[in-house]
Amino acid sequence: MKCRKLMLGALSGALMLSGGAVQAKTLIFCSEGSPEGFDPALYTSGTTFDASSRHIYNKLVEFERGTTKIGPALAESWSISKDGKEYTFKLRKGVKFHTTAFFKPTRDFNADDVVFSFTRQLKKDSPWHKYTAGTSWEYFNGMSMPKLLKDVSKVDDYTVKFTLTRPEAPMIANLGMDFASIMSKEYADKLDKAGNKKDLNQKPIGTGPFKFQAYQKDAVIRYQAHETYWAGKAPIDNLVFAITTDAAVRHQRLKAGECHFNPYPNPADLAAIKKDPALKLPQQEGLNVGYLAYNTTVAPFNNVKVRKALNMAINKQAILDAVFQGAGKAAKNPIPPTIWSYNNAIKDDPYDPAAAKKLLAEAGVKDLSMEIWAMPVQRPYNPNARRMAELLQADFGKIGVKVKIVSYEWGEYLKRSKAKDRKGAVLLGWTGDNGDPDNFLAVLLGCDAVGGANRAQWCNKEFDGLIQKAKVVSDSAARTKLYEQAQVVFKREAPWATIAHSVVFKAMRKEVTGYKIDPFGGHNFYGVDIK
């Protein structure tokens, strides 16, 4: 407790100094959870991306802040061959890697760093392919990159060529995602020589606007502005992540001036935040979906009748009222209505406990007991997973299904929920990474994502054939039809119970300026200032 009080005192002091006579500006972000690590290619969690790729690293291409528009970053320009199978990138010159207490670069960013960043994920014979325990390259594999990428090669020091096995419609948008962050090969070589590869995931080096200083697990992460950042130094000098898992505590810290930013305020606190003259509350409809994923490989959840019965037992309106409190809408599809190709013609499973009971009986299922896993952190698509699990427990109880609620620390939760033999159903969700339907349908439900982001372990050949065909087609109207058909298959087979899409609220102090809500759910503090 004493250490906790000291940390809070230091954070509070930093905040007060940042608005006073001391020139160094420190922005304090009350983060909702701890990162799993600092190598973003290893993970899919937004909490981890906020702490790593969105501040420490850059990609070849990046989305303009607050938009879904992709543009140049570490690549100044690119060209695509007529057959759509070769992408050639011209790299930016003079880009500096971070200089820290544990690494001093001797050269600028170049093509070697790009080749290293992708071939470690692509090539199984790379000495970095299994460099840390549990390495799975979840995004890379879930997006079928091993099948798509034939090679990533260096043409010269500032030119890189990606050779594909087939055309890929969302290729440029995909390269703007977090898994495509560019690492320092020079730093990796140094760690390899020292026999300390794991530090690539613990002591990160990038080219991004903030450089990593220190991490106290489950407590605080400290960053410093990158003085020689290629796009210009950030307006703030220091960035602090004060890890605060309890939303009520985050709210109190924001009010007390112990942090500048609360990423996921409780719906119950929204009215008070709006009335507080020291705070502001921008909002935006989220590009997200919250869901309950059944493990479709484990009986009786391998029976579509059982999954449909459970779906019909869920009172979504009660969940929207109790959990989202006006900040959400019922979900019927695995993609949000704000994304193109959304199939509005699909009818949702009706709330009908009597019909659900009958369907369970038809499936020959009696005295069913199951687990529902509840996330320990708030996410944009689920502000209170424990409460949601309790409501589902009551709903399922009404049709004779007994539910045990399970939870783990966030990193452990994400790791264990991938297990193919996991029992019951897991509460999770997704915020889009690139504005393309493929980012939901393939990453979360494709066959290549089983054992990774596909928590339902669902591999349906009809569905997978549709989404794989849509990757290759360049015509947007044709892609839309394929994705609409895929949503029909999804609804028929019910690997998930689709719960809700949420409105995203960001609570912050009035002195914070220049912040733009990220449509992909991240938090980017480059360009943000403090009055």
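Here are legends for a set of close-up views of this predicted model.

**View 1. Helices α15 and α16 packed against each other.** Helix α15 covers residues 438-445 and helix α16 covers residues 461-472. Their axes sit 11 Å apart, and the packing angle is about 135°. That angle makes α15 oblique to α16. As for handedness, the two helices cross in a left-handed way. On the α15 side, the contact uses Asp438, Leu441, Ala442 and Leu445, while α16 brings Phe463, Ile467 and Lys471. Sorted by class, the residues of this contact come out as five nonpolar, two charged and no polar.

**View 2. Helices α11 and α13, another packed pair.** Here the axes are 10 Å apart and the angle is about 150°. Angles over 145 degrees count as roughly antiparallel, and that makes α11 roughly antiparallel to α13. The crossing of α11 past α13 is right-handed. From α11, look for Ala318, Ile319, Ala322, Val323 and Phe324; they meet Arg387, Met388, Leu391 and Leu392 of α13. The contact has eight nonpolar residues and one charged, with no polar ones.

**View 3. Inside the largest nonpolar core.** This core has 148 residues, and the members that touch the most others are Leu60, Phe89, Phe118, Phe162 and Phe396. Zoom in on Leu60: leaving out neighbours within four places in sequence, Leu60 is in contact with Pro72, Ala73, Leu74, Ala75, Phe89, Leu91, Val114, Phe118, Phe162 and Ile182. Another core, of 15 residues, lies apart from the largest one; Ala242, Leu254, Leu270 and Ala327 are among its members.

**View 4. Helix α10 and what covers it.** Helix α10 runs over residues 304-312, and seven of its nine residues are buried, so the helix is largely enclosed by the rest of the structure. The buried ones are Val306, Arg307, Lys308, Ala309, Leu310, Asn311 and Met312. Strands and helices both show up in the cover: it includes the strands β14 (288-294), β16 (369-373) and β19 (496-505), along with the helices α12 (353-362), α13 (385-397) and α17 (476-493). Pan over to the loop between β14 and α10 and you'll find Pro300. The peptide bond joining Ala299 and Pro300 is cis, with omega about 0°.

**View 5. Two residues with positive phi that are not glycines, Gln325 and Ala494.** Gln325 has a phi of about 50° and sits in the loop between α11 (316-324) and β15 (328-330). With 42% relative accessibility, Gln325 counts as partly exposed. Ala494 has a phi of about 55°, and its place is the loop between α17 and β19. Ala494 is buried, at a relative accessible area of 2%.

**View 6. Met183 in its loop between α6 and α7.** The flanking helices are α6 (171-174) and α7 (185-193). Met183 is buried, and its relative accessible area is 1%. Setting aside residues within four places in sequence, Met183 is in contact with Asp39, Tyr57, Phe97, Asp113, Phe116, Ser117, Arg120 and Leu200. Val114 makes a handy landmark here: Met183 and Val114 are 69 residues apart in sequence, with 7.4 Å between their C-alpha atoms.

**View 7. Ala453, in the loop between α15 and α16.** This one picks up from the helix pair in View 1. Ala453 has a relative accessible area of 4%, so it is buried. Not counting residues up to four places away in sequence, Ala453 touches Glu138, Tyr291, Val443 and Leu444. Tyr139 is 314 residues away from Ala453 along the chain, yet their C-alpha atoms are separated by 7.5 Å.

**View 8. Lys469, out in the open on helix α16.** Lys469 lies in helix α16 and is exposed, with a relative accessible area of 53%. To place Lys469 relative to View 4, take Ala309: the two are 160 residues apart in sequence and 31 Å apart in space, C-alpha to C-alpha. Ala309 itself is one of the buried residues of α10.

Key:
Residues are numbered from 1 along each chain as its sequence is written. This is a predicted model: local features need pLDDT of at least 70, side-chain atom pairs count only at pLDDT 80 or more; totals for chains, interfaces and linings use all residues. Side-chain values use heavy atoms; hydrogens and water are left out. Axes are lines fitted to C-alpha atoms, for helices over the stretch in contact, and angles run from 0 to 180 degrees between N-to-C directions. Helices (H or I, at least four residues) and strands (E, at least two) are DSSP runs, numbered from the N terminus. Angles under 35 degrees count as roughly parallel, over 145 as roughly antiparallel, 65 to 115 as roughly perpendicular and the rest as oblique. A crossing is left-handed if the near helix is turned anticlockwise from the far one by less than a right angle, and right-handed if clockwise. Contact means heavy atoms within 4.5 Å. Ala, Val, Leu, Ile, Met, Phe, Trp, Tyr, Cys and Pro count as nonpolar, Asp, Glu, Lys and Arg as charged, and the others, Gly among them, as polar. A nonpolar core is a set of buried Ala, Val, Leu, Ile, Met, Phe, Trp, Tyr and Cys residues joined through side-chain atoms within 4.5 Å. Buried means under 20% relative accessible area, exposed over 50%, partly exposed in between (1.4 Å probe, protein chains only).
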